[in-house]
Amino acid sequence: MLKRKGQVVGSMVPGSTVRLTPGQLNAYTTAFAAISPEFDELRQMQRQVDKLPHTILEQPSSSPDTATTITAEEIEWQWQAQLLTLPKSAILLCRHPTENEFAIIQRFPAESAYAKTNGQGEILLKSADAGHLVSEYAGWAQQTLRFMASNLVAHAQCVAFDQFPQHNPGRVVRAISERCLLAVGESLTVMEPVRQTTRHARGIGV
Amino acid sequence: MASSPPVMNEERQPNQPSTGNTMASTSVQLTVNEAAYAIGVDSFTILGLIQRGKLKPVRSPSGEIMVPKGELIRLIEKGR
């Protein structure tokens, strides 16, 4: 709890510069709890996406003799690397068995309704340049994570405004929004100067 | 629609999909998590399908993405 001249001026929460009153802090805790599992998933996926640019270097093309295959668009693609491990699917870098072509393929569990009708392997991107392909997919995945973060904020907003309308839920949502955006690598350029100012002015780190 | 549509929840708690009922109504809207559960994928995949234009979502008043049940039916019928 932060105080100024003996007066409580608000609590700070992780990943945000917003100060919250006790009532707002309670609203924040409730609203954030509603998205907490998905937020943890978001952070876990962001860590994987951050490593994507290095994947192609760390996992060079394996021998076609030993490569596992996955069928997509009636072609037996050869696995080159697993790029992302998602809760119910995986993103793979694959190579065409006979041509100089690579593909990003999403592999679904055979028992899922989506796989039963759309196939277990779905091609997301194709290119002759594996490095370019992974880079392009990394950008695409990052957009999806931002999309996911904004959707989490919208869900938390619903909880905050429904259950805590008397506690200025806009501030609560702003705090959650900053935390979610920070988790997907946004707003760092905005937050950095604030951190420095806070450190110099009051000696309080975030 | 094929004979065995994916199991969907009709009377659900928020973010807690249940089992037992099927996709009978197409006017029901599902959260991203619920939609993912219904077709056996993850929320990242649902959002990716929306980004690629394969699913058309609607927005709740708070701005949350909702997936009409009819959209899911169309998606899983498409491959059959």
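**Exercise 1.** Through how many residues does a hairpin join E5(A) to E6(A)? Work this out on the predicted model, and then describe how strand E6 of chain A is held on both sides.

*Solution.* Begin with the connection: the hairpin from E5(A) to E6(A) passes through four residues. Next, consider the pairing, in which strand E5 (residues 75–85) of chain A runs antiparallel to E6(A) and is joined to it by six bridges, with A:Ala81 standing opposite A:Leu93 of E6(A). Then turn to strand E7 (residues 102–107) of chain A, which is likewise antiparallel to E6(A) and joined to it by six bridges; here A:Ala90 has A:Arg107 in E7(A) as its bridge partner, and the hairpin between E6(A) and E7(A) runs through six residues. Finally, because five of the six residues of E6(A) (residues 90–95) are buried, this strand is largely enclosed by the rest of the structure.

**Exercise 2.** Is helix H2 of chain B mostly covered or mostly uncovered, and which element supplies the largest share of the side of chain B that touches chain A?

*Solution.* First, count the burial: eight of the nine residues of H2(B) (residues 43–51) are buried, which leaves the helix mostly covered, and among the buried residues are B:Phe44, B:Ile46 and B:Leu49. Just after H2(B), B:Gly53 adopts a positive phi of about 80°. Second, take the interface, where 21 residues of chain B are in contact with 25 residues of chain A. Helices H1 (32–39), H2 and H3 (69–78) of chain B each contribute at least two residues to the side that touches chain A, and the largest share, six residues, comes from H2(B). By class, that side of chain B holds eight nonpolar, nine polar and four charged residues.

Definitions and conventions
Residues are numbered from 1 along each chain as its sequence is written. Chains are lettered from A and ligands numbered from 1 in the order in which they are written. This is a predicted model: local features need pLDDT of at least 70, side-chain atom pairs count only at pLDDT 80 or more; totals for chains, interfaces and linings use all residues. Two residues are in contact if their C-beta atoms, placed from the backbone, lie within 7 Å. Ala, Val, Leu, Ile, Met, Phe, Trp, Tyr, Cys and Pro count as nonpolar, Asp, Glu, Lys and Arg as charged, and the others, Gly among them, as polar. A residue is buried if 20 or more other C-beta atoms lie within 10 Å of its own, exposed if 12 or fewer, and partly exposed in between; C-beta atoms are placed from the backbone. Two strands pair if DSSP finds at least two bridges between them.
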